[in-house]
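Here is a quick tour of a few local spots in this model. Have the viewer open and follow along.

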Amino acid sequence: MPSKPFYITTPLYYVNAKPHIGHAYTNILCDTFARYHRFRGEEVFFLTGTDEHGTKIEKAAREQNKEPRQYADEMAPHFKDLWKLLGIEYDYFIRTTDEGHKKAVGNILRDLEARGEIYKASYKGWYCTPCESFWTKLQLVEGKCPDCKRDVQELSEDNYFFKMSKYQKWLIDYIKSHPDFIKPEIRKNEILGFLREPLEDLCITRPRSRLAWGIDYPTSKEHIVYVWFDALINYVSAVGYTTEDKRFKTYWPADVHMVGKDILRQHAVYWPCMLKACGIEMPKTVIAHGWWTMSGAKVSKSRGNIVDPVELCKKYSVDAFRYFLLHEVTVGLDGAFSEDLLAERYTTDLANDLGNLWFRLVSMLDKYFGGKIPDHSAKAFPKESIQDLLKKVTDAMSQYDPRTALTAIFEVVTLLNQKIEEKKPWVLAKDASKKGELGDTLAFLAEWIAHIAVLLLFLTPVTAKEILKRLGLKSDWILKKENEFLTPFLKPGMTMERGSALFPRLDEEKIAS
Ligand code: ME8
């Protein structure tokens with residue numbers, strides 16, 4: 001029986017501002033894992049999209065004198081455009097305003113209500129508009145929102161509640177007995193810490209009089225569904241829950257929900273309780289990555305310290321931006337972003353190490369062998385070392401650790417540059433009796449570069465494909481059996497295309513601007 005497709009999701013981003021480096025990071029991570037699983041021959045379903053309901057969106061639309069729907073229609077393409085620019089190969093883009101999604105939300109609510117999982121009650125609380133959060137008096141900090149420290153309003157209103165509290169014990173047991181459910185460990189412990197306090201039922205509606213922009217609550221004209229209850233359901237509505245049974249069975253459960261640590265509670269507490277109440281299987285893993293910060297503060301639209309990925313890609317290339325984000329921090333930790341650091345990594349790792357390695361190889365092949373792969377002996381193929389690198393990279397990728405994979409690859413790049421210094425092919429070239437050694441040395445380097453390029457296909461795909469094209473090799477690799485990789489790719493006489501610099505020297509003036 002074929003294995004279940006690998007199903008990976010990003011959060012659905014609010015459309016109240018254009019995407020920034022943080023959103024780009026989550027999607028680049030997911031794209032890397034999606035590409036890796038396709039590379040391993042698996043079917044993949046990679047879901048991303050936009051979260052379009054709720055107070056934030058309504059407010060942002062009104063500020064521009066627009067209807068929320070028109071505003072969302074104008075904003076959603078900014079996300080699609082960025083994913084296109086970044087080469088994010090998602091399979092489906094869901095919008096919470098899609099009819100299919102709204103239908104699934106209604107079906108779920110009707111079912112939960114019919115089964116007594118939802119009740120109506122009067123609710124008194126303190127509401128923080130920017131955070132869209134209700135707080136109890138105890139939760140307020142000096143009378144202000146505990147998250148953003150802004151003013152809150154006291155409200156009392158009739159609402160619908162999901163009986164989340166009854167799942168508390170089950171959830172704690174589930175998290176403890178499924179070590180991979182929440183990653184990394186530190187975030188799992190945070191959630192378990194949160195669950196030491198009594199879990200309250202979740203208020204899942206807003207009165208229409210206060211918020212009109214959202215999904216209608218199916219059994220009350222006066223209520224709108226709370227934006228988080230609506231948005232989380234996308235992960236099952238996108239694969240046909242309650243609308244296309246066969247599709248749902250094919251894809252669910254999700255293998256990975258990738259989220260930032262800011263929204264882990266919704267994904268590791270609300271969402272599992274919702275699924276449990278619906279009788280749906282749990283996703284396999286929720287991974288919470290860290291935040292990109294600037295001068296110590298989280299990059300965020302509300303702080304206004306936005307880093308524009310489009311500008312960075314224009315200046316440094318899509319792959320350089322991708323390399324930086326994947327290589328700079330281990331998934332789960334925070335990363336301090338600075339353009340200076342990006343420029344430094346570009347120059348040292350990409351231009352000086354990888355770019356230069358390529359340049360030296362093709363220059364020597366051109367000079368000594370007319371741009372062709374020379375005759376060489378079988379020992380020129382470094383099978384064991386290549387096998388070792390493959391293992392390091394695949395182990396790291398199966399642990400959702402692209403940083404370690406990139407580090408292992410770039411360590412080899414450094415070693416290969418050192419090898420050129422040691423072997424001094426330009427000295428070998430002067431001695432006719434060393435022609436065989438010269439051929440072996442260059443073939444060894446060329447094989448390494450070809451194999452490295454294949455391993456970069458899911459990490460820095462533009463560069464990887466470019467190198468493979470220049471070597472005259474295919475780039476639609478599917479690696480089902482290791483042996484297909486542990487074999488020479490190049491034959492004597494094959495010609496290589498020199499091409500321009502893979503990572504051109506940075507133009508100082510352009511960078512400073
Ligand atoms: O929370 N560093 O949407 P959102 C790293 N609609 N990642 C960051 C980041 C940063 N500085 N800033 C944002 C929502 N992100 C809800 C989600 S899901 C059913 C609903 C990324 O537009 C990170 O993935 O505020 C974070 O979790 C997400 O953007 C929040 O996006």
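Let's start with Arg62, which counts as partly exposed, with a relative accessibility of 41%. Keep in mind that this is a predicted model. Arg62 belongs to helix α2, which covers residues 55-63. Leaving out residues up to four places away in sequence, Arg62 touches Glu67 and Pro68.

Now for a buried counterpart: His451 has a relative accessibility of 1%, and since buried means under 20%, His451 falls in that class. You'll find His451 in helix α17, residues 435-455. Its side chain reaches the backbone oxygen of Phe485 at 2.9 Å. Beyond its neighbours within four places in sequence, His451 is in contact with Phe381, Ile386, Phe485, Thr487 and Phe489.

Here are the two residues side by side:

| Residue | Helix | Relative accessibility |
|---|---|---|
| Arg62 | α2 (residues 55-63) | 41%, partly exposed |
| His451 | α17 (residues 435-455) | 1%, buried |

On to the sheet. It is an open one with six strands, ordered β3-β2-β1-β11-β12-β7, and the pairing is parallel. The edges are taken by β3 (92-95) and β7 (182-183); each has a single partner strand, so one side of each lacks a neighbour in the sheet.

Zooming in on the β3 edge, strand β2 (residues 44-51) runs parallel to β3 and is joined to β3 by four bridges. In one of these pairs, Gly49 has Ile94 in β3 as its bridge partner. Helix α3 (residues 68-85) packs on the sheet, where the helix touches β1 (6-14), β2 and β3. The direction of α3 makes about 155 degrees with that of β3.

Terms used: Residues are numbered from 1 along each chain as its sequence is written. This is a predicted model: local features need pLDDT of at least 70, side-chain atom pairs count only at pLDDT 80 or more; totals for chains, interfaces and linings use all residues. Side-chain values use heavy atoms; hydrogens and water are left out. Helices (H or I, at least four residues) and strands (E, at least two) are DSSP runs, numbered from the N terminus. Buried means under 20% relative accessible area, exposed over 50%, partly exposed in between (1.4 Å probe, protein chains only). A polar contact is a pair of N or O atoms within 3.5 Å; within protein, one must be able to donate a hydrogen and the other to accept it, and residues adjacent in sequence count only if both atoms are side-chain atoms. Contact means heavy atoms within 4.5 Å. Two strands pair if DSSP finds at least two bridges between them. Axes are lines fitted to C-alpha atoms, for helices over the stretch in contact, and angles run from 0 to 180 degrees between N-to-C directions.
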